[in-house]
Each structure stands twice: as structure tokens, then as C-alpha cells.
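Here is a set of questions and answers on one protein structure. Look at the sequence and the model, then work through them.

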Amino acid sequence: MQIALTKKLADAAKLKLPAIDETINPLFSWTANWTNVWENRKSNEMLVLVNNATRFTVAIYQVKRKDLKNLETMEKNAISNTLLFMNINPAMVAEY
């Protein structure tokens, strides 16, 4: 699985990531962004993960800048928990 970060998220997490590998099947590629729930007032921040092939979206609410240290683990857990919650076969989720 490959998760590409937007510039905003990479800068907030202080990560310098290599270019994405375009040979990977888009079904196994995700894009992650860090944004606010509401733009016009002080609000909670969240991570939004979008699958590049299906546009399936996973949102992780209340993510502070200090939480971005565990970004990779947080993203993978959110994706697998969402798929499991949708009653997808646990063996397939683990392989994914």
C-alpha cells in the first residue's frame, strides 16, 4: 500500500518523502490530506484519506499536529478498521 501526502500534510508532519511509484495499482494507492472540519471558525482538524482508484474516503477526526508523529500507523489502522467495519473479510483486509 502506498499513501501519498499533500504538501500541507508533509510540511506539518515534517516529512520529506520520495516521489510516488506510479507502477503500483491505484487500488493500493491513497492520498492523505490534513484539513479543518469547518473553514470559517476555529475547529477540529482531521486527516482525509482518499483511495486513488475508487475515491473511497476515510476520515480521522481530531488529529493535532503532535499526533502526526504516528502518521503511518494511524493511517493504516484507520483504513483497516474502516474496511473491517464494513464487514469485509478480515483475511483480505490483512492481506491488503
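Q: Which residue forms a salt bridge with E72?
A: In this predicted model, the closest N and O atoms of the pair are 3.1 Å apart. That is inside the cut-off of 4 Å for a salt bridge. The partner of E72 is K76.

Q: How many residues apart are E72 and K76, and in which helix?
A: The two are separated by about one helical turn. They belong to helix α2, and their spacing in sequence is four residues.

Q: Is E72 buried or exposed?
A: Its relative accessible area is 52%. Exposed means over 50%, so E72 falls in that class. K76, at 36%, counts as partly exposed. For E72 the answer is exposed.

Q: How far apart are the closest N and O atoms of K7 and D11?
A: Side chains of opposite charge can pair when their charged atoms come close. K7 and D11 form a salt bridge. They are four residues apart in helix α1, so about one helical turn separates them. Their closest N and O atoms lie at 2.9 Å.

Q: Which class of exposure does D11 fall in?
A: K7 is exposed, at 63% relative accessibility. D11 has a relative accessible area of 45%. Values between 20% and 50% take the middle class, so D11 is partly exposed.

Q: How many salt bridges does the model hold by this rule?
A: One is K7 with D11. Another is E72 with K76. The count comes to two.

Q: What kind of aromatic pair do F28 and Y96 form?
A: Their ring centres are 5.2 Å apart, and 35 degrees separate the planes. Stacked needs under 30 degrees and edge-to-face over 60. An angle of 35 degrees meets neither limit, so the pair is tilted.

Q: How many residues apart in sequence are the parts that F28 and Y96 tie together?
A: F28 sits in the loop between α1 and β2. Y96 sits in the segment after α3. Both are partly exposed, F28 at 31% and Y96 at 23%. The pair therefore ties together parts whose separation in sequence is 68 residues.

Q: What kind of aromatic pair do W30 and F56 form?
A: The centres are 6.5 Å apart and the planes meet at 80 degrees. W30 is in strand β2, while F56 is in the loop between β3 and β4, 26 residues apart. An angle over 60 degrees sets the class, so this pair is edge-to-face.

Q: Is W30 buried or exposed?
A: F56, its ring partner, is partly exposed at 26%. W30 has 2% relative accessibility. The limit for buried is under 20%, so W30 is buried.

Q: Which residue in β3 is the bridge partner of W30?
A: Four bridges join β1 to β2, which run parallel, and I3 has W30 as its partner in β2. Seven bridges join β2 to β3, which run antiparallel. In β3, W30 is partnered by N51.

Q: Which element gives the most residues to the largest nonpolar core?
A: This core has 21 residues, and L9, L47, L49 and L68 touch the most other members. Elements giving two or more residues include β1, α1 and β3. The top contributor gives five residues, and it is α2.

Q: Which residue of α1 does L47 contact, leaving aside its neighbours within four places in sequence?
A: Contacts of L47 include W34, V58, I60 and M74. Helix α1 spans 7–13. Among the contacts of L47, L9 falls in that span. The residue is L9.

Notes:
Residues are numbered from 1 along each chain as its sequence is written. This is a predicted model: local features need pLDDT of at least 70, side-chain atom pairs count only at pLDDT 80 or more; totals for chains, interfaces and linings use all residues. Side-chain values use heavy atoms; hydrogens and water are left out. A nonpolar core is a set of buried Ala, Val, Leu, Ile, Met, Phe, Trp, Tyr and Cys residues joined through side-chain atoms within 4.5 Å. Buried means under 20% relative accessible area, exposed over 50%, partly exposed in between (1.4 Å probe, protein chains only). Contact means heavy atoms within 4.5 Å. Rings of Phe, Tyr and Trp (its six-membered ring) pair if their centres lie within 6.5 Å; planes under 30 degrees apart count as stacked, over 60 as edge-to-face and the rest as tilted. A salt bridge is a side-chain nitrogen of Lys or Arg within 4 Å of a carboxyl oxygen of Asp or Glu. Two strands pair if DSSP finds at least two bridges between them.
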